[in-house]
Amino acid sequence: MKRRNFFQASLGAAGAALASTSVQARPNLEPAPQAVGMLFDSTLCVGCKACVSKCKEVNGMPPVVMGDQVQSDFALDLSPQTLNVIKVYKDGAAAQKDREQNGFAFEKRSCMHCVDPGCVSVCPVSSLTRDPLTGIVNYNPDVCIGCRTCMTGCPYNVPQYDYNNPLGQIHKCQMCNQKGVERISKGGMTGCAEACPTGATLFGSREALLAEAKRRIALKPGQVYQYPMGDVRKPARFHEKVVPQYQGQVWGEKEAGGTNVMHLSAIPYDKLGMPPLGERSAASISEGVQSTVYAYMGLPAIALGGLSWIVRRNTEIANHGEEDKS
Ligand code: SF4
Ligand code: SF4
Ligand code: SF4
């Protein structure tokens with residue numbers, strides 16, 4: 001075999017490997033065909049925590065108590081006992097609601113049910129899965145091995161590991177649709193949306209919620225609007241309120257590939273603790289890198305295949321030459 005043929009075969013093999021790499025690197029996942037979600041409008045939230053209590057009732061979790069005060073839940077953050085929490089932003093004198101300076105605002109934290117979920121991507125045993133129809137991100141404790149990798153794959157710090165449980169399980173909101181709850185598959189809505197007295201937490205299809213969020217952003221500040229409550233597709237009631245000056249962005253429309261739980265706010269989202277995220281999901285990038293690594297791992301095999309073919313062809317030519325002479 002000539003040295004020039006060897007280099008040609010190697011380059012051809014490398015090209016084939018690179019071509020296969022670009023095919024395997026994937027874009028963000030699209031929303032599920034019948035994606036459901038929630039819209040949390042911070043400007044409607046009054047901090048009553050009815051959503052926190054209802055979430056605990058639906059999920060059979062105990063309240064976080066302070067002393068002998070058991071009337072209210074004192075959870076300050078997500079935990080294995082708290083899947084949904086209301087947090088408060090405060091600045092200066094905290095004199096006015098939904099003001100960045102000298103103001104305050106409420107923020108609801110729970111699983112965002114990402115369109116392209118990092119937790120699902122990194123889970124080595126598929127304990128976390130995205131429902132192909134609704135996009136709800138569910139957790140199966142029966143297959144979880146307690147490795148906690150999902151905690152590093154989530155940009156919102158949502159999965160909570162129960163260190164006090166010898167079986168070591170993860171806890172996170174499953175949009176009230178896990179085994180034994182199944183509110184959504186039975187045509188209902190999430191507990192938090194049902195309990196919310198102002199429509200700050202609204203349930204519905206992702207498509208209808210996104211349209212509602214954009215409608216609100218387009219409203220004129222100061223005008224009165226009838227805010228739907230419960231399920232945006234069939235609101236049982238409306239909450240009349242003056243429209244604030246919204247941020248011009250629906251959080252979750254595009255961030256890290258989008259989320260099924262979206263947020264609206266009058267103050268910048270980073271003040272509410274949202275992380276700095278681009279539009280590309282971490283899952284699409286990391287899975288692209290993995291496919292690149294695997295493609296390069298295949299390169300020697302492809303190169304060897306090319307060399308074998310050339311050697312075989314040259315051998316056949318040489319044999320034919322010998323036959324012709326005889
Ligand atoms: S917010 Fe975190 S836990 Fe929830 S789906 Fe997204 S990555 Fe998973
Ligand atoms: S959807 Fe259900 S589990 Fe999730 S925060 Fe709301 S009430 Fe809690
Ligand atoms: S129930 Fe509604 S208004 Fe009350 S804290 Fe929860 S989101 Fe806010």
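Ligand 2 sits among Met 38, Cys 55, Asn 59, Asn 84, Cys 173, Met 175, Cys 176, Thr 190, Gly 191 and Cys 192 in this predicted model. Six of the shell residues are nonpolar and four are polar. None is charged. Helix 2 (50-59) and helix 5 (191-195) each supply at least two residues of this shell.

Two members of the shell have an unusual backbone. Most residues other than glycine have a negative phi. Met 175 has a positive phi of about 55°, although it is not a glycine. Cys 176 also has a positive phi, near 50°. Where do they lie? Met 175 is in the loop between strand 8 (170-171) and helix 5. Cys 176 is found in the loop between strand 8 and helix 5 as well. Met 175 is buried, with a relative accessible area of 0%. Cys 176 is buried too, at 8%.

**Ligand 3**

How many residues surround ligand 3? The count is 14. The closest are Cys 45, Cys 48, Lys 49, Cys 51 and Cys 196. By class, the shell holds 10 nonpolar, three polar and one charged residues.

**Salt bridges**

The model has 13 salt bridges. Three of them are set out here.

| Pair | Closest N to O | Relative accessible area |
|---|---|---|
| Glu 57 and Lys 54 | 3.3 Å | Glu 57: 57%; Lys 54: 16% |
| Arg 216 and Glu 212 | 2.9 Å | Arg 216: 0%; Glu 212: 2% |
| Arg 233 and Asp 231 | 3.0 Å | Arg 233: 46%; Asp 231: 2% |

Start with Glu 57 and Lys 54. Both lie in helix 2, three residues apart. That spacing is about one turn of the helix. Are the two partners buried or exposed? Glu 57 is exposed, because its relative accessible area of 57% is over the 50% cut-off. Lys 54 is buried, because its 16% falls under 20%.

Arg 216 and Glu 212 both belong to helix 6 (residues 206-218). They stand four residues apart, again about one turn of the helix. Arg 216 counts as buried. Glu 212 counts as buried too. This pair is part of a network of salt bridges that links Asp 41, Glu 212, Arg 215 and Arg 216.

In the third pair, the side chains of Arg 233 and Asp 231 meet. Arg 233 counts as partly exposed, whereas Asp 231 is buried.

**A sheet of three strands**

Which order do the strands take in the open sheet of three? The order is 2-4-3, with mixed pairing. Strand 2 (85-90) and strand 3 (96-97) stand at the edges. Each has a single partner strand, so one side of each is left without a neighbour in the sheet. Strand 3 and strand 4 (residues 103-109) pair in the parallel sense, over two bridges. The bridge partner of Lys 97 in strand 4 is Phe 104.

**Around Met 274 and His 263**

Where is Met 274? Met 274 lies in the loop between strand 12 (261-264) and helix 7 (282-325). Met 274 is buried, with a relative accessible area of 5%. Leaving out residues up to four places away in sequence, Met 274 touches Glu 107, Arg 109, Met 112, Tyr 156, Trp 251, His 263 and Tyr 269. Take Glu 107 from that list. Met 274 and Glu 107 are 167 residues apart in sequence. In space, their C-alpha atoms are 9.8 Å apart.

His 263 is found in strand 12. At 2% relative accessibility, His 263 counts as buried. Which residues does His 263 touch, not counting those up to four places away in sequence? They are Leu 39, Phe 40, Glu 107, Lys 108, Met 112, Gln 249, Val 250, Trp 251, Tyr 269 and Met 274. With Glu 107 there is also a polar contact: the side chains of His 263 and Glu 107 are joined at 3.2 Å. Glu 107 is thus among the residues that touch Met 274 and among those that touch His 263.

Terms used:
Residues numbered from 1 in each chain as written. Chains lettered and ligands numbered in written order. Predicted model: local features only at pLDDT ≥ 70, side-chain atom pairs only at ≥ 80, totals over all residues. Heavy atoms only, no water. Near = heavy atom within 4 Å. Nonpolar A, V, L, I, M, F, W, Y, C, P; charged D, E, K, R; others polar. Salt bridge = Lys/Arg side-chain N within 4 Å of Asp/Glu carboxyl O. Buried < 20%, exposed > 50% of the residue type's maximum accessible area, 1.4 Å probe, protein only. Pairing = 2+ DSSP bridges. Contact = heavy atoms within 4.5 Å. Polar contact = N/O pair within 3.5 Å; in protein donor to acceptor, adjacent residues only side chain to side chain.
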